[in-house]
Amino acid sequence: ETDEYDFGGFCFGGGGVQIEEDVQEEKEADDDENDDDNDSDILDEEEEARQAMMLRAMQAGGNRRKTVSSEVISKKDMTSFQARFVPKDDADTAWLTSTLEEVHLFSHLEDFELKQAVGAME
């Protein structure tokens, strides 16, 4: 089973594999460039250790943002909120709803919240 979702050319999840490949490619490129340079062996070892540490950190954290902040919302803002609505035909609404129900980010939403999210999508 995979954690990737593909929606019309947009792909969500599975980013860790590409990171590993990128680090390995950089490591191989560095090895090719420094084959004849004995003075840089210490630097190569330090760089390799740094890259390995970065890879472990990205894998452990899932390459996710650690903090999120936004502007302060007042009670007036909350009570006067009017959700944006973009008209869609029934087929588009049904497809968006069924697709979003399977995405973890949207799976916890109540029916009215999911309907509001679908309604706001273009």
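These are legends for a set of close-up views of a predicted model.

**View 1. The whole chain, from strands to helices.** The protein has six helices and two strands. Starting at the N terminus, the order is β-β-α-α-α-α-α-α, with the strands ahead of the helices. Of the 122 residues, just 11% count as buried. The exposed area comes to about 10,700 Å², and carbon and sulfur atoms supply 52% of that. Looking at contacts with a separation of 6 or more, 49% come from residues 24 or more positions apart.

**View 2. Where to trust the model, and where to go easy.** The average pLDDT for the protein is 75, and 58% of the residues score at least 70. Confidence bottoms out in strand β2 (residues 10-12), with a mean of 52. At the other end of the scale sits helix α4, at 93. Where pLDDT is low, the predicted coordinates shouldn't be read in detail.

**View 3. The largest nonpolar core.** Seven residues make up this core: Leu96, Leu100, Val103, Phe106, Leu114, Ala117 and Val118. Helices α4 and α6 each put in at least two of its residues. The top contributor is α6, with three residues.

**View 4. Helix α6 and the helices it packs against.** Helix α6 covers residues 111-120, and its buried residues are Leu114, Ala117, Val118 and Gly119. What do the buried residues of α6 pack against? Their partners are α4 (90-102) and α5 (104-107). Among the buried residues of α6, Leu114, Ala117 and Val118 also turn up in the largest nonpolar core.

**View 5. Lys88 over the ring of Phe85.** Here the charged end of Lys88 sits over the ring of Phe85. The distance from that charged end to the ring centre is 5.9 Å. As for aromatic pairs, the count comes to zero.

**View 6. Glu122, out past the last helix.** Glu122 is found in the segment after α6. Is Glu122 buried or exposed? Its relative accessibility is 80%, so Glu122 counts as exposed. Even so, Glu122 has some company: leaving out residues up to four places away in sequence, Glu122 touches Arg84 and Val86. Take Val86 as one of these partners: Glu122 and Val86 are 36 residues apart in sequence, yet their C-alpha atoms are 6.1 Å apart in space.

Terms used:
Residues are numbered from 1 along each chain as its sequence is written. This is a predicted model: local features need pLDDT of at least 70, side-chain atom pairs count only at pLDDT 80 or more; totals for chains, interfaces and linings use all residues. Side-chain values use heavy atoms; hydrogens and water are left out. Rings of Phe, Tyr and Trp (its six-membered ring) pair if their centres lie within 6.5 Å; planes under 30 degrees apart count as stacked, over 60 as edge-to-face and the rest as tilted. A charge sits over a ring if NZ of Lys or CZ of Arg is within 6 Å of the ring centre and within 35 degrees of the ring normal. Helices (H or I, at least four residues) and strands (E, at least two) are DSSP runs, numbered from the N terminus. Buried means under 20% relative accessible area, exposed over 50%, partly exposed in between (1.4 Å probe, protein chains only). Contact means heavy atoms within 4.5 Å. Accessible areas come from the Shrake-Rupley method with a 1.4 Å probe; for residues, only the protein chains shown count as cover. A nonpolar core is a set of buried Ala, Val, Leu, Ile, Met, Phe, Trp, Tyr and Cys residues joined through side-chain atoms within 4.5 Å. pLDDT is the predictor's confidence in each residue, from 0 to 100.
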